[in-house]
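Could you walk me through how two neighbouring helices meet in this protein? I would also like to know what surrounds a few of its buried residues.

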Amino acid sequence: MSKDAYYFSHDANARNDQKILEIRMKYGMRGYGIYFGIIEILREANACQLPSKCLQIAYDLREPNDDVHDIIYNYNLFEFTED
């Protein structure tokens with residue numbers, strides 16, 4: 001049976017990264033889930049890039065837009081281009 005998904009590595013101690021720890025301090029493990037949900041969405045995207053559409057990401061993850069926006073923009077975990 002073929003899988004319609006792609007694999008990406010995940011460090012076994014990712015939860016201890018300083019930036020991830022800050023997310024966990026504010027949002028608990030729910031924030032950790034939001035972060036990895038965003039990572040999965042990026043992996044599925046063309047060239048692992050997304051236009052800045054927090055509302056759509058928040059809807060996909062069924063999480064508050066303000067929380068998704070905060071995690072994307074305030075923890076220096078993602079790179080942004082002007083495009």
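Helix 1 and helix 2 are oblique to each other, because their axes cross at roughly 130° and angles count as oblique when they are not under 35 degrees (roughly parallel), over 145 (roughly antiparallel) or 65 to 115 (roughly perpendicular). The axes come within 6 Å; they are lines fitted to C-alpha atoms, for helices over the stretch in contact, with angles from 0 to 180 degrees between N-to-C directions. This is a predicted model, in which local features need pLDDT of at least 70 and side-chain atom pairs count only at pLDDT 80 or more, while totals for chains, interfaces and linings use all residues. Residues are numbered from 1 along each chain as its sequence is written, and side-chain values use heavy atoms, with hydrogens and water left out.

**Where the two helices touch**
- On the helix 1 side, the contact (heavy atoms within 4.5 Å) is made by Ile20, Ile23, Arg24 and Tyr27.
- Helix 2 contributes Met29, Arg30, Gly31, Tyr32 and Tyr35.
- These residues divide into six nonpolar, one polar and two charged; Ala, Val, Leu, Ile, Met, Phe, Trp, Tyr, Cys and Pro count as nonpolar, Asp, Glu, Lys and Arg as charged, and the others, Gly among them, as polar.

**The two faces of helix 1**
- Helix 1 spans residues 18-27; helices here are DSSP runs of H or I with at least four residues, numbered from the N terminus.
- Ile20, Ile23 and Tyr27 are buried in helix 1, where buried means under 20% relative accessible area, exposed over 50% and partly exposed in between, with a 1.4 Å probe and protein chains only.
- Seen down the axis, the buried residues of helix 1 fall within an arc of 55°, so they line one face; the arc is that of the directions from the helix axis to the C-beta atoms.
- An α-helix has 3.6 residues a turn, so residues three or four places apart point the same way.
- The buried residues of helix 1 pack against helix 2 (29-44) and helix 4 (65-73).
- Exposed Gln18 and Met25 sit on the face turned away from the buried side.

**Just after helix 1**
- Gly28 follows helix 1 and has a positive phi, near 70°.

**Two buried residues elsewhere**
- Asp67 lies in helix 4 and is buried, with a relative accessible area of 15%.
- Not counting residues up to four places away in sequence, Asp67 touches Tyr27, Arg30 and Ile34.
- Cys54 belongs to helix 3 (residues 54-61) and counts as buried at 9% relative accessibility.
- The C-alpha atoms of Cys54 and Asp67 are separated by 9.5 Å.
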